[in-house]
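Student: Could you take me through one part of this structure in detail? I'd like a close look at the loop residue that you find worth starting from, and then at whatever it connects to.

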Amino acid sequence: TEALMQAGVTALAYETIEEGRRLPLLEPMSEIAGRMSVLVGGYFLAKHAGGSGTLLGGVPGVLPGRVVVIGGGVAGINAARMATGLGADVTILEVDLERMRFLDITLHSAHTLYSNEAHLMELLPNVDLLIGAVLVPGAKAPKLINRAMLRRMRPGSVLVDIAVDQGGCAETTRPTTHHDPVYVEEGVLHYCVANMPGAVPNTSTYA
């Protein structure tokens with residue numbers, strides 16, 4: 001950044017470019033991060049990785065894992081699509097009623113619920129994988145999950161905070177790297193990798 005400034009370059013950050021009310025260059029990265037969130041979340045639910053030892057899809061005679069996605073935007077709908085594809089029990093929390101209708105029609109097996117603290121508190125004790133997919137364009141992500149709420153989650157459950165680049169939507173979120181992606185707070189594994197699409201640069205570049 002300093003070298004660009006010294007050279008007098010006018011630089012545009014891809015993820016901030018707007019077209020109407022859309023962020024067309026951020027959208028494919030959100031799609032990738034959303035889809036990745038379920039893959040990495042499912043991996044870290046494995047016992048050897050520090051998780052509870054739960055298979056998201058379940059098997060005949062065993063209930064599937066429960067996934068809660070906070071936010072039904074681009075990242076959220078892609079996370080939900082992957083989770084339902086694996087056979088998980090998926091609930092999406094959203095505040096926009098029209099968006100909820102769209103999610104309900106698009107994702108036949110996922111549940112939608114109005115996003116508020118009361119509903120989140122009800123869901124947390126039974127969640128295996130919690131995905132934070134909240135985006136407020138041009139602003140920090142709202143802190144929707146505090147420590148007290150995390151303590152309601154079962155030990156070995158996993159939080160993937162896609163919003164880490166905007167400060168994260170959990171009080172306990174701090175940026176991690178691909179080489180050291182997780183840490184534990186209040187018994188919950190946190191995956192908070194900044195630049196998740198960097199793990200799949202081949203797909204990300206073409207997208």
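**A loop residue and its surroundings**

Tutor: Let's start with Glu186, which sits in the loop between β6 and β7 (188-191). Keep in mind that this is a predicted model. The backbone at Glu186 has a phi near 55 degrees, a positive value in a residue that isn't glycine. As for its surroundings, Glu186 counts as partly exposed because its relative accessibility is 31%.

Asn195 makes a handy companion here. Its phi is near 65 degrees, again a positive value in a residue other than glycine. Asn195 is found in the loop between β7 and α7 (201-206). With a relative accessible area of 45%, Asn195 is partly exposed.

Now for the charged side chains. Side chains of opposite charge can pair when their charged atoms come close. The structure holds 8 salt bridges, and one of them pairs Arg147 with Glu185, at 3.0 Å from N to O. That pair links distant parts of the chain, with Arg147 in helix α6 and Glu185 in strand β6 (residues 182-185), 38 residues apart. Glu186 comes back in at this point: salt bridges that share partners join Arg147, Arg151, Arg174, Glu185 and Glu186 into one network. So how buried or exposed are the two ends of the Arg147 and Glu185 pair? Arg147 is partly exposed because its relative accessibility is 28%, while Glu185 counts as buried because its value is 15%, with the cut-off for buried being under 20%.

Another salt bridge joins the side chains of Arg154 and Asp128, also given as 3.0 Å from N to O. Arg154 lies in the loop between α6 (147-150) and β5 (158-161), and Asp128 in the loop between α5 (117-123) and β4 (129-132), so this pair ties together parts that are 26 residues apart in sequence. Asp128 is buried, at a relative accessible area of 7%, whereas Arg154 is partly exposed at 34%.

For a pairing within one helix, look at Glu98 and Arg101, whose closest N and O atoms are 2.7 Å apart in their salt bridge. Both belong to helix α4 (residues 97-106), and because they are 3 residues apart there, about one helical turn separates them. Glu98 counts as exposed, with 53% relative accessibility, and Arg101 is partly exposed at 46%.

That leaves the open space in the model. The largest pocket has a volume of about 1,300 Å³. Its lining is made up of 46 residues, and Ser30, Gly73, Val74, Val134 and Leu135 are the ones that lie nearest its centre. Which elements give two or more residues to that lining? They are α2 (27-44), α3 (74-86), β2 (89-94), α5 and α7. Of these, α2 gives the most, with 4 residues. By residue type, the lining of the largest pocket divides into 26 nonpolar, 10 polar and 10 charged.

To come back to where we began: Glu186, with its positive phi, is part of the salt-bridge network that also takes in Arg147, Arg151, Arg174 and Glu185. If you have the model open, select those five residues together, then follow Arg147 into helix α6 and Glu185 into strand β6.

Terms used. Residues are numbered from 1 along each chain as its sequence is written. This is a predicted model: local features need pLDDT of at least 70, side-chain atom pairs count only at pLDDT 80 or more; totals for chains, interfaces and linings use all residues. Side-chain values use heavy atoms; hydrogens and water are left out. A salt bridge is a side-chain nitrogen of Lys or Arg within 4 Å of a carboxyl oxygen of Asp or Glu. Buried means under 20% relative accessible area, exposed over 50%, partly exposed in between (1.4 Å probe, protein chains only). On a 1 Å grid over the protein atoms alone, a cavity is a set of points where a 1.4 Å probe fits but cannot get out, and a pocket is an open set with protein on both sides within 12 Å along at least five of seven lines; lining residues have an atom within 4 Å of a point. Grid points are joined across faces, edges and corners, and a volume is the space filled by probe spheres set on the points. Ala, Val, Leu, Ile, Met, Phe, Trp, Tyr, Cys and Pro count as nonpolar, Asp, Glu, Lys and Arg as charged, and the others, Gly among them, as polar.
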